[in-house]
Amino acid sequence: MAYWLFKSEPSTWSWDDQVAKGNTGEEWDGVRNYQARNFMRAMKLGDRGFFYHSQKEKSVVGIVEICAESHPDSKADDPRWDCVDIKAVRGFEQSVTLDQIKSDPALTDMALVKSPRLSVQPVSEEQWHIICALGRTKAN
């Protein structure tokens, strides 16, 4: 299993919106960055990801699962853009802020710290376990 992070502006698509989609999930559409698109092309069914609220909140708030592998983005006019579908697994008991992540020496190499503008990014297994512990949720 691989681990990922999906960033969203809560005013556009929030954790509550994601949860409301239930087990059918939702396309993670609108990504127009080649590196992020390529990460989605590498995702497999069952991979897990963090759901991250960007802008003011700047925190990891929940866990999602890939429920459909890479396919054409239904909102794109250009066939170069793909997306995956994700479904909510569970929320965090306590959100994990970007400041907490930046202050943890074990997370300094995290893509969220090094490439903060990238909307879809990989997370190592070690980073996954640390952030789940900080969020007071089980890692699996």
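These legends walk through close-up views of salt bridges and cysteines in a predicted model.

**View 1. K21 and E26 pair up in a salt bridge.** Here is a good place to begin, with one of the 8 salt bridges that the structure holds. The closest N and O atoms of K21 and E26 lie 3.3 Å apart. As you look at the lysine, note that K21 is partly exposed, with a relative accessibility of 35%.

**View 2. R48 and E65 bring distant parts of the chain together.** The two residues form a salt bridge, and their closest N and O atoms are 3.0 Å apart. R48 belongs to strand β3, which covers residues 48–53, while E65 belongs to strand β4, which covers residues 59–72. Along the chain, the partners are 17 residues apart. Are these partners buried or exposed? R48 is buried, at a relative accessible area of 14%, and E65 is buried too, at 16%.

**View 3. K87 joins R48 and E65 in a network.** Keep the pair from the previous view in sight and bring in the lysine. Salt bridges link R48, E65 and K87 in a network. Within this network, the bridge between R48 and E65 has its closest N and O atoms 3.0 Å apart.

**View 4. D78 meets R80 through their side chains.** This contact is a salt bridge with an N to O distance of 2.5 Å. D78 is partly exposed, with a relative accessibility of 24%. Its partner R80 also counts as partly exposed, at 41%.

**View 5. C83 sits without a disulfide partner.** Which cysteine has the sulfur closest to that of C83? It is C67, and the two sulfur atoms are 10 Å apart. A disulfide needs a pair of cysteine sulfur atoms within 2.5 Å, so the sulfurs of C83 and C67 are too far apart for a bond. C83 itself is buried, and its relative accessible area is 0%.

**View 6. C132 is likewise too far from another cysteine sulfur for a bond.** For C132, the closest cysteine sulfur is again found in C67, this time at 19 Å. Because of that distance, no bond can be drawn between C132 and C67. C132 counts as buried, with 0% relative accessibility. If you are wondering how many disulfides to mark in your own figure, the count for this model comes to 0.

Technical notes
Residues numbered from 1 in each chain as written. Predicted model: local features only at pLDDT ≥ 70, side-chain atom pairs only at ≥ 80, totals over all residues. Heavy atoms only, no water. Salt bridge = Lys/Arg side-chain N within 4 Å of Asp/Glu carboxyl O. Buried < 20%, exposed > 50% of the residue type's maximum accessible area, 1.4 Å probe, protein only. Helix = DSSP H or I, 4+ residues; strand = E, 2+ residues; numbered from the N terminus.
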